Amino acid sequence: MRGSAFVTLLRSSARLRRAAAPVALCVGMAVALTACGSDEDPDAGTNGVGKLSAAGIEKKAKAAAESADAVRLSGTVVTDGQTYKLNMSLKEAGGTGSVSSKTGGTFELLRVEDELYLKADAGFWSHADGKGGDGGTSTPPSKADSEAAEKLDDKYVKVPEDDPAYKQLRGFTDKSVLLDGLLGLHGKRGKGDRAEIGGVRTIEVNGSEGAGGSLNVSLEGTPYPLQLARAGGAGTLTLSDWGKDFPLEAPAKGETVDYGSTLPST
(Lines give C-alpha, C1' and ligand atoms only; values in the text may rest on other atoms or scores of the structure.)
Protein backbone atom coordinates (compact mmCIF):
# COMPACT_ATOMS: atom_id res chain seq x y z
CA MET A 1 0.00 0.00 0.00
CA ARG A 2 2.79 2.32 0.95
CA GLY A 3 4.53 1.65 -2.37
CA SER A 4 1.32 2.30 -4.26
CA ALA A 5 0.80 5.61 -2.47
CA PHE A 6 4.37 6.69 -3.25
CA VAL A 7 3.91 5.91 -6.96
CA THR A 8 0.70 7.95 -6.97
CA LEU A 9 2.50 10.86 -5.35
CA LEU A 10 5.28 10.74 -7.95
CA ARG A 11 2.74 10.74 -10.76
CA SER A 12 0.95 13.72 -9.21
CA SER A 13 4.22 15.60 -8.84
CA ALA A 14 5.07 14.94 -12.50
CA ARG A 15 1.69 16.27 -13.60
CA LEU A 16 2.20 19.41 -11.49
CA ARG A 17 5.64 19.97 -13.02
CA ARG A 18 4.22 19.59 -16.52
CA ALA A 19 1.43 22.09 -15.70
CA ALA A 20 3.85 24.52 -14.07
CA ALA A 21 6.14 24.66 -17.13
CA PRO A 22 3.74 26.57 -19.44
CA VAL A 23 2.70 28.82 -16.53
CA ALA A 24 6.34 29.74 -15.94
CA LEU A 25 6.78 30.33 -19.67
CA CYS A 26 3.78 32.66 -19.72
CA VAL A 27 5.06 34.60 -16.70
CA GLY A 28 8.47 34.93 -18.33
CA MET A 29 6.94 36.20 -21.55
CA ALA A 30 4.81 38.70 -19.64
CA VAL A 31 7.88 40.05 -17.84
CA ALA A 32 9.75 40.30 -21.14
CA LEU A 33 6.86 42.12 -22.82
CA THR A 34 6.57 44.54 -19.90
CA ALA A 35 10.28 45.24 -20.13
CA CYS A 36 9.95 45.89 -23.85
CA GLY A 37 6.94 48.13 -23.20
CA SER A 38 9.01 50.38 -20.95
CA ASP A 39 11.17 51.20 -23.99
CA GLU A 40 8.19 51.95 -26.22
CA ASP A 41 8.72 54.74 -28.73
CA PRO A 42 7.08 57.88 -27.24
CA ASP A 43 6.35 59.08 -30.78
CA ALA A 44 4.44 55.94 -31.76
CA GLY A 45 1.01 56.95 -33.07
CA THR A 46 1.89 60.66 -33.22
CA ASN A 47 2.40 63.04 -36.14
CA GLY A 48 6.17 62.69 -35.69
CA VAL A 49 7.06 66.29 -34.85
CA GLY A 50 8.37 65.17 -31.46
CA LYS A 51 11.37 63.69 -33.27
CA LEU A 52 12.30 67.06 -34.79
CA SER A 53 14.63 69.64 -33.32
CA ALA A 54 13.12 72.47 -31.28
CA ALA A 55 13.52 74.84 -34.23
CA GLY A 56 11.91 72.27 -36.51
CA ILE A 57 8.90 71.91 -34.20
CA GLU A 58 8.48 75.68 -34.02
CA LYS A 59 8.66 75.98 -37.80
CA LYS A 60 6.03 73.26 -38.27
CA ALA A 61 3.71 74.89 -35.72
CA LYS A 62 3.96 78.32 -37.35
CA ALA A 63 3.32 76.86 -40.80
CA ALA A 64 0.25 75.01 -39.50
CA ALA A 65 -1.07 78.19 -37.88
CA GLU A 66 -0.59 80.23 -41.03
CA SER A 67 -2.37 77.68 -43.22
CA ALA A 68 -5.41 77.25 -40.93
CA ASP A 69 -8.59 78.99 -42.06
CA ALA A 70 -9.71 79.90 -38.54
CA VAL A 71 -8.71 79.77 -34.87
CA ARG A 72 -10.05 80.70 -31.45
CA LEU A 73 -7.65 82.54 -29.16
CA SER A 74 -8.36 82.98 -25.45
CA GLY A 75 -6.36 83.94 -22.38
CA THR A 76 -4.34 86.89 -21.15
CA VAL A 77 -1.88 89.30 -22.70
CA VAL A 78 0.20 91.70 -20.59
CA THR A 79 1.52 94.81 -22.31
CA ASP A 80 2.67 98.17 -20.90
CA GLY A 81 1.68 97.01 -17.42
CA GLN A 82 -1.90 96.31 -18.48
CA THR A 83 -3.42 92.84 -18.47
CA TYR A 84 -5.95 92.17 -21.21
CA LYS A 85 -8.22 89.16 -21.40
CA LEU A 86 -8.92 88.04 -24.94
CA ASN A 87 -11.54 85.69 -26.30
CA MET A 88 -11.45 86.05 -30.07
CA SER A 89 -12.48 83.89 -33.01
CA LEU A 90 -10.43 84.80 -36.08
CA LYS A 91 -10.31 84.07 -39.79
CA GLU A 92 -9.09 85.82 -42.92
CA ALA A 93 -12.35 87.71 -43.50
CA GLY A 94 -12.42 89.14 -39.97
CA GLY A 95 -12.99 88.26 -36.38
CA THR A 96 -15.34 88.53 -33.42
CA GLY A 97 -15.04 88.30 -29.67
CA SER A 98 -14.28 90.29 -26.55
CA VAL A 99 -11.41 92.19 -24.96
CA SER A 100 -11.34 93.28 -21.34
CA SER A 101 -9.02 94.95 -18.86
CA LYS A 102 -9.27 95.96 -15.22
CA THR A 103 -9.25 99.67 -15.94
CA GLY A 104 -10.84 99.76 -19.39
CA GLY A 105 -13.76 97.43 -18.84
CA THR A 106 -14.99 94.96 -21.43
CA PHE A 107 -15.86 95.60 -25.05
CA GLU A 108 -16.75 93.41 -28.02
CA LEU A 109 -15.16 93.67 -31.42
CA LEU A 110 -16.57 92.59 -34.75
CA ARG A 111 -14.80 92.98 -38.07
CA VAL A 112 -16.20 91.93 -41.42
CA GLU A 113 -13.58 92.59 -44.09
CA ASP A 114 -12.66 96.28 -43.53
CA GLU A 115 -15.72 97.25 -41.51
CA LEU A 116 -14.92 97.30 -37.80
CA TYR A 117 -17.47 97.61 -34.99
CA LEU A 118 -17.08 98.11 -31.26
CA LYS A 119 -19.81 97.23 -28.76
CA ALA A 120 -19.83 98.08 -25.05
CA ASP A 121 -22.09 99.12 -22.22
CA ALA A 122 -22.75 102.69 -21.08
CA GLY A 123 -20.14 102.42 -18.33
CA PHE A 124 -17.41 101.85 -20.88
CA TRP A 125 -18.43 104.83 -22.99
CA SER A 126 -18.82 107.15 -19.99
CA HIS A 127 -15.11 106.60 -19.31
CA ALA A 128 -14.07 107.00 -22.93
CA ASP A 129 -13.20 110.68 -22.51
CA GLY A 130 -10.77 109.94 -19.68
CA LYS A 131 -13.05 111.15 -16.88
CA GLY A 132 -13.26 107.84 -15.14
CA GLY A 133 -12.14 104.24 -15.02
CA ASP A 134 -8.72 104.83 -13.42
CA GLY A 135 -9.49 103.67 -9.90
CA GLY A 136 -11.68 106.60 -8.95
CA THR A 137 -9.06 109.38 -9.01
CA SER A 138 -10.53 111.19 -12.03
CA THR A 139 -13.57 113.40 -12.13
CA PRO A 140 -16.86 111.66 -12.91
CA PRO A 141 -18.42 112.04 -16.37
CA SER A 142 -20.67 115.05 -16.98
CA LYS A 143 -24.40 114.75 -17.53
CA ALA A 144 -23.89 115.24 -21.28
CA ASP A 145 -21.26 112.48 -21.31
CA SER A 146 -23.58 110.12 -19.47
CA GLU A 147 -26.45 110.84 -21.83
CA ALA A 148 -24.22 110.21 -24.84
CA ALA A 149 -22.99 106.99 -23.27
CA GLU A 150 -26.56 105.77 -22.77
CA LYS A 151 -27.22 106.20 -26.49
CA LEU A 152 -24.22 103.99 -27.27
CA ASP A 153 -25.09 101.39 -24.64
CA ASP A 154 -25.05 97.85 -26.09
CA LYS A 155 -24.89 99.17 -29.66
CA TYR A 156 -22.37 98.37 -32.37
CA VAL A 157 -20.45 101.57 -32.99
CA LYS A 158 -18.77 101.65 -36.38
CA VAL A 159 -15.09 102.59 -36.05
CA PRO A 160 -14.08 105.02 -38.83
CA GLU A 161 -11.03 103.87 -40.77
CA ASP A 162 -9.32 107.24 -40.31
CA ASP A 163 -9.77 107.14 -36.53
CA PRO A 164 -6.47 106.58 -34.68
CA ALA A 165 -8.06 103.70 -32.78
CA TYR A 166 -9.00 101.80 -35.94
CA LYS A 167 -5.60 100.25 -36.61
CA GLN A 168 -5.08 99.28 -32.96
CA LEU A 169 -8.52 97.72 -32.57
CA ARG A 170 -8.36 96.00 -35.93
CA GLY A 171 -5.19 94.24 -34.76
CA PHE A 172 -7.25 92.28 -32.23
CA THR A 173 -9.38 90.90 -35.09
CA ASP A 174 -6.62 90.18 -37.61
CA LYS A 175 -5.54 86.53 -37.52
CA SER A 176 -2.21 87.06 -39.27
CA VAL A 177 -1.21 90.15 -37.29
CA LEU A 178 -2.22 88.71 -33.95
CA LEU A 179 -0.56 85.33 -34.42
CA ASP A 180 2.64 86.82 -35.88
CA GLY A 181 2.91 89.08 -32.86
CA LEU A 182 2.19 86.40 -30.27
CA LEU A 183 3.76 83.15 -31.47
CA GLY A 184 7.39 84.28 -31.48
CA LEU A 185 9.83 82.79 -28.96
CA HIS A 186 13.04 84.47 -27.81
CA GLY A 187 16.48 83.04 -27.13
CA LYS A 188 17.98 79.64 -27.78
CA ARG A 189 15.33 77.08 -28.70
CA GLY A 190 14.96 73.93 -26.64
CA LYS A 191 12.57 70.99 -26.26
CA GLY A 192 10.60 70.66 -23.05
CA ASP A 193 8.27 68.08 -21.55
CA ARG A 194 5.45 66.19 -23.17
CA ALA A 195 2.00 66.91 -21.78
CA GLU A 196 -1.72 66.85 -22.56
CA ILE A 197 -3.84 69.90 -23.30
CA GLY A 198 -7.55 69.32 -23.69
CA GLY A 199 -6.89 65.60 -24.01
CA VAL A 200 -4.43 66.12 -26.87
CA ARG A 201 -0.81 65.03 -26.50
CA THR A 202 1.67 67.86 -26.92
CA ILE A 203 5.37 68.62 -26.85
CA GLU A 204 6.84 71.87 -25.61
CA VAL A 205 9.33 74.00 -27.49
CA ASN A 206 10.76 76.95 -25.57
CA GLY A 207 13.12 79.88 -25.76
CA SER A 208 15.95 80.18 -23.22
CA GLU A 209 14.55 77.29 -21.18
CA GLY A 210 11.21 79.05 -20.83
CA ALA A 211 12.41 82.57 -20.03
CA GLY A 212 11.86 83.44 -23.69
CA GLY A 213 8.40 81.89 -23.78
CA SER A 214 7.13 78.40 -24.50
CA LEU A 215 4.80 76.80 -26.99
CA ASN A 216 2.95 73.50 -26.64
CA VAL A 217 2.49 71.88 -30.04
CA SER A 218 0.04 69.08 -30.87
CA LEU A 219 1.50 65.61 -31.38
CA GLU A 220 -1.78 64.47 -32.91
CA GLY A 221 -2.93 65.31 -36.44
CA THR A 222 -1.79 68.69 -37.71
CA PRO A 223 0.93 70.15 -35.42
CA TYR A 224 -1.04 73.21 -34.36
CA PRO A 225 0.19 75.34 -31.45
CA LEU A 226 -2.26 74.73 -28.58
CA GLN A 227 -0.90 76.83 -25.75
CA LEU A 228 1.51 79.74 -25.52
CA ALA A 229 3.23 81.14 -22.44
CA ARG A 230 4.67 84.50 -23.47
CA ALA A 231 8.18 85.58 -22.54
CA GLY A 232 8.65 87.41 -19.25
CA GLY A 233 5.30 86.32 -17.84
CA ALA A 234 3.46 88.46 -20.40
CA GLY A 235 0.40 86.22 -20.49
CA THR A 236 -0.78 82.74 -21.37
CA LEU A 237 -3.00 81.95 -24.34
CA THR A 238 -4.90 78.88 -25.47
CA LEU A 239 -5.37 78.33 -29.20
CA SER A 240 -8.23 76.05 -30.20
CA ASP A 241 -10.86 75.36 -32.86
CA TRP A 242 -8.21 75.38 -35.57
CA GLY A 243 -9.84 75.29 -38.99
CA LYS A 244 -13.39 75.48 -37.59
CA ASP A 245 -15.46 78.07 -39.42
CA PHE A 246 -17.83 80.43 -37.60
CA PRO A 247 -20.51 82.91 -38.73
CA LEU A 248 -19.35 86.44 -39.46
CA GLU A 249 -21.96 89.02 -40.44
CA ALA A 250 -22.25 92.77 -40.12
CA PRO A 251 -24.79 93.87 -37.49
CA ALA A 252 -28.25 94.99 -38.52
CA LYS A 253 -28.82 98.73 -39.01
CA GLY A 254 -31.00 98.89 -35.92
CA GLU A 255 -28.11 97.60 -33.82
CA THR A 256 -25.54 100.04 -35.22
CA VAL A 257 -24.63 103.64 -34.40
CA ASP A 258 -22.47 105.74 -36.72
CA TYR A 259 -20.64 108.04 -34.32
CA GLY A 260 -19.08 110.12 -37.04
CA SER A 261 -15.53 110.61 -38.25
CA THR A 262 -13.92 109.74 -34.89
CA LEU A 263 -14.76 107.77 -31.77
CA PRO A 264 -14.72 109.23 -28.26
CA SER A 265 -11.06 109.27 -27.15
CA THR A 266 -10.19 105.98 -25.46
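Hi everyone, here is a short walk through one predicted protein chain, from its overall make-up down to a few residues.

First, the ground rules. Residues are numbered from 1 along each chain as its sequence is written, and side-chain values use heavy atoms, with hydrogens and water left out. As this is a predicted model, local features need pLDDT of at least 70 and side-chain atom pairs count only at pLDDT 80 or more, while totals for chains, interfaces and linings use all residues.

Let me start with confidence. The mean pLDDT of the protein chain (pLDDT being the predictor's confidence in each residue, from 0 to 100) is 83, and 76% of its residues reach 70 or more. Among the elements of the chain, strand β9 (residues 214–218) has the highest mean, 98, and helix α1 (residues 2–37) has the lowest, 47. Two stretches stay under 50: residues 5–10 and residues 29–37. For residues 5–10 the model has zero contacts beyond four places in sequence, and for residues 29–37 it has zero as well. Contact here means heavy atoms within 4.5 Å.

Now the overall picture. The secondary structure comes to six helices and 12 strands. These are DSSP runs, numbered from the N terminus, with helices being H or I of at least four residues and strands being E of at least two. Buried residues make up 35% of the 266 residues in the chain; buried means under 20% relative accessible area, exposed over 50%, and partly exposed in between, with a 1.4 Å probe and protein chains only. Of the contacts with a separation of 6 or more, 53% are between residues 24 or more positions apart. The chain exposes about 15300 Å², with carbon and sulfur atoms supplying 54% of it; that area comes from the Shrake-Rupley method with a 1.4 Å probe, and for residues only the protein chains shown count as cover.

On to the inside. Which residues have the most contacts inside the largest nonpolar core? They are L118 and W242, in a core of 45 residues. Helix α2 (residues 54–67) gives this core its largest share, five residues. Apart from it lies another core, of seven residues, among them A70, L110, V112 and L248. By nonpolar core I mean a set of buried Ala, Val, Leu, Ile, Met, Phe, Trp, Tyr and Cys residues joined through side-chain atoms within 4.5 Å. Leaving out residues up to four places away in sequence, W242 touches A65, A68, A70, V71, L179, Y224, P225 and L226.

Helix α2 also has an outward-looking example for us. K59 sits in α2 and counts as exposed because its relative accessibility is 65%. Its C-alpha atom is 10.0 Å from that of P223, 164 residues apart along the chain.

Next, helix α6 (residues 175–182). Its buried residues are K175, L178, L179 and L182. Seen down the axis, they fall within an arc of 90°, so they line one face of the helix; the arc is that of the directions from the helix axis to the C-beta atoms. On the other side, D180 and G181 are exposed. The cover over the buried residues includes α2, β1 (70–79) and β10 (225–229). At the N-terminal end, D174 acts as a cap, with a side-chain oxygen 3.1 Å from the backbone nitrogen of S176.

Helix α5 (164–171) is among the elements covering α6. In α5, A165, Y166, L169 and G171 are buried, and what covers them includes β4 (105–112), β5 (115–120) and α6. At its start, a side-chain oxygen of D163 reaches to within 2.7 Å of the backbone nitrogen of A165.

My last stop is a pair of strands. Is T202, in strand β8 (residues 200–207), buried or exposed? T202 is buried, because its relative accessible area is 0%. N216 lies in strand β9 and counts as buried because its relative accessibility is 9%. A polar contact of 3.2 Å joins the side chains of T202 and N216. That term means a pair of N or O atoms within 3.5 Å; within protein, one must be able to donate a hydrogen and the other to accept it, and residues adjacent in sequence count only if both atoms are side-chain atoms. Beyond four places in sequence, N216 also touches residues including A195, I197, Y224 and L226.

Thanks, everyone!
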